[in-house]
Amino acid sequence: MKFNAIRWLNLGCGIFFIAHAWAAEPIPVPLWPDRAPGETNSVSTENDTSKPGVGLIAGKSVIRLGNVSQPSITIYRPAAGKDTGAAVVVCPGGGYSILAWDLEGTEVCDWLNSIGVTGVLLKYRVPKRENGPLQDVQRALGLVRQRAKDLDIDPQRIGVLGFSAGGNLSAELCANYGQRAYPAVDDADAASCRPDFQILIYPGGLVQKDEPGKIAPHLGVTTNTPPTFIMMAADDPARVENALSYALALKQSKVPFELHVYPTGGHGYGLRRTKEPVTTWPNFAAEWMKSRGWLERR
């Protein structure tokens with residue numbers, strides 16, 4: 001049975017506000033009114049693919065969510081006294097195979113809440129389908145902007161934040177917001193899905209494999225690319241050229257950006273603090289958002 005996605009979003013948010021008063025977890029809201037574009041009748045079962053005690057980050061386990069075929073968004077609201085009206089769609093990484101759900105998702109939304117920003121956690125489809133993640137993030141941005149008034153969000157202060165593959169997805173959105181990668185579903189798809197800013201944390205796949213000095217063709221930077229914050233470590237196995245070359249492309253297009261490169265730190269730490277200075281990046285990202293005026297209630 002089909003249902004109206006916008007009405008369901010309102011219902012979902014209502015459930016969230018009631019649940020929040022009782023310290024419950026926010027409620028996921030289906031991203032699409034029916035099956036996502038290209039999905040079949042079969043629905044895979046989501047599961048945590050992590051193995052106990054393996055792949056710990058900062059001494060903690062990571063939820064590596066796999067087999068996602070039903071994308072959703074989950075709204076994390078800051079305390080009323082802190083709420084700035086800004087929002088950020090969060091795209092976890094995971095090589096387009098899984099989603100680092102807590103490390104680069106729920107924990108990030110908690111941090112955004114601490115600085116007065118609404119976190120919109122995107123559960124996009126993995127393993128990757130052709131255009132599937134792009135369709136999901138386009139839909140998420142448009143849906144949030146179209147429902148900004150109901151969510152008490154400023155429609156001109158909606159950003160995107162991505163880690164690793166999620167950073168790649170964020171950059172892809174910022175290069176391909178002009179035309180949806182799917183047929184319009186409802187009024188939400190008439191709203192702009194261009195982020196007002198983007199934050200790329202150890203992004204991967206931004207450059208061509210054989211020519212790391214050149215941006216991947218589908219990630220073209222233009223004068224309309226949103227202002228960007230980039231952070232990466234020089235010893236990141238995903239290649240620091242992703243950050244350097246993308247920043248250079250932004251400069252050449254006169255797009256405002258801030259770039260932080262640290263000598264060490266590797267890859268995949270989210271915002272869990274370690275002895276590595278690279279893990280202080282949330283402080284600088286918050287200052288960047290503040291300096292650009294995105295944390296000022298209007």
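Visitor: What makes strand β7 count as mostly covered?

Guide: In this predicted model, six of the six residues of β7 are buried, and a residue earns that word when its relative accessible area is under 20%. Both faces of the strand take part, since T118, V120 and L122 on one side are buried, as are G119, L121 and K123 on the other.

Visitor: Which strand is joined to β7 by five bridges, and in which sense do the two run?

Guide: Strand β4, residues 72-76, is joined to β7 by five bridges, and the two run antiparallel. Within β4, I75 stands opposite V120 of β7.

Visitor: How do you know that β5 and β7 pair?

Guide: Two strands are said to pair if at least two bridges are found between them. Between β5 and β7, which spans residues 118-123, there are four bridges in the parallel sense, so the pairing condition is met. Two of the facing positions can be named: A87 stands opposite T118 in β7, and the bridge partner of V90 in β7 is L121.

Visitor: What makes β5 largely enclosed by the rest of the structure?

Guide: Five of the five residues of β5, residues 87-91, are buried, and therefore the strand is described as largely enclosed by the rest of the structure. A87, V89 and C91 point one way from the strand while V88 and V90 point the other way, and all are buried. Strand β8, residues 158-163, also pairs with β5, in the parallel sense and over five bridges, and in β8 the bridge partner of C91 is G162.

Visitor: Why is H260 called buried?

Guide: The relative accessibility of H260 is 15%, and the cut-off for buried is under 20%, so H260 counts as buried. H260 is found in strand β11, residues 257-262, and, not counting residues up to four places away in sequence, H260 touches F229, I230, M231, M232 and F284.

Visitor: How do you know that the side chains of H260 and E258 make a polar contact?

Guide: The distance given for the contact between these two side chains is 2.7 Å, whereas the cut-off for such a pair of N or O atoms is within 3.5 Å. The value therefore satisfies the distance condition for a polar contact.

Visitor: Is V261 buried, partly exposed or exposed, and why?

Guide: V261, which also lies in strand β11, has 37% relative accessibility. Buried would need a value under 20% and exposed one over 50%, so V261 counts as partly exposed.

Visitor: Which residues form the nonpolar patch on the surface, and which strand gives the most to this patch?

Guide: The patch is formed by L244, F257, L259 and V261, with about 280 Å² of accessible area together. Strand β11 gives the most, with three residues. A patch residue must have over 30% relative accessible area, and V261, at 37%, therefore passes that cut-off.

Visitor: Why does L206 count as buried, and where is its place?

Guide: L206 has 0% relative accessibility, and because buried means under 20%, L206 counts as buried. Its place is in the loop between β9 (198-201) and β10 (228-233). Leaving aside neighbours within four places in sequence, L206 is in contact with several residues, including G167, N168, L200, L219 and Y246.

Definitions and conventions:
Residues are numbered from 1 along each chain as its sequence is written. This is a predicted model: local features need pLDDT of at least 70, side-chain atom pairs count only at pLDDT 80 or more; totals for chains, interfaces and linings use all residues. Side-chain values use heavy atoms; hydrogens and water are left out. Buried means under 20% relative accessible area, exposed over 50%, partly exposed in between (1.4 Å probe, protein chains only). A polar contact is a pair of N or O atoms within 3.5 Å; within protein, one must be able to donate a hydrogen and the other to accept it, and residues adjacent in sequence count only if both atoms are side-chain atoms. Contact means heavy atoms within 4.5 Å. Patches are made of residues with over 30% relative accessible area and no salt bridge: like charges are joined within 9 Å, nonpolar side chains (Val, Leu, Ile, Met, Phe, Trp, Tyr) within 5 Å. Accessible areas come from the Shrake-Rupley method with a 1.4 Å probe; for residues, only the protein chains shown count as cover. A salt bridge is a side-chain nitrogen of Lys or Arg within 4 Å of a carboxyl oxygen of Asp or Glu.
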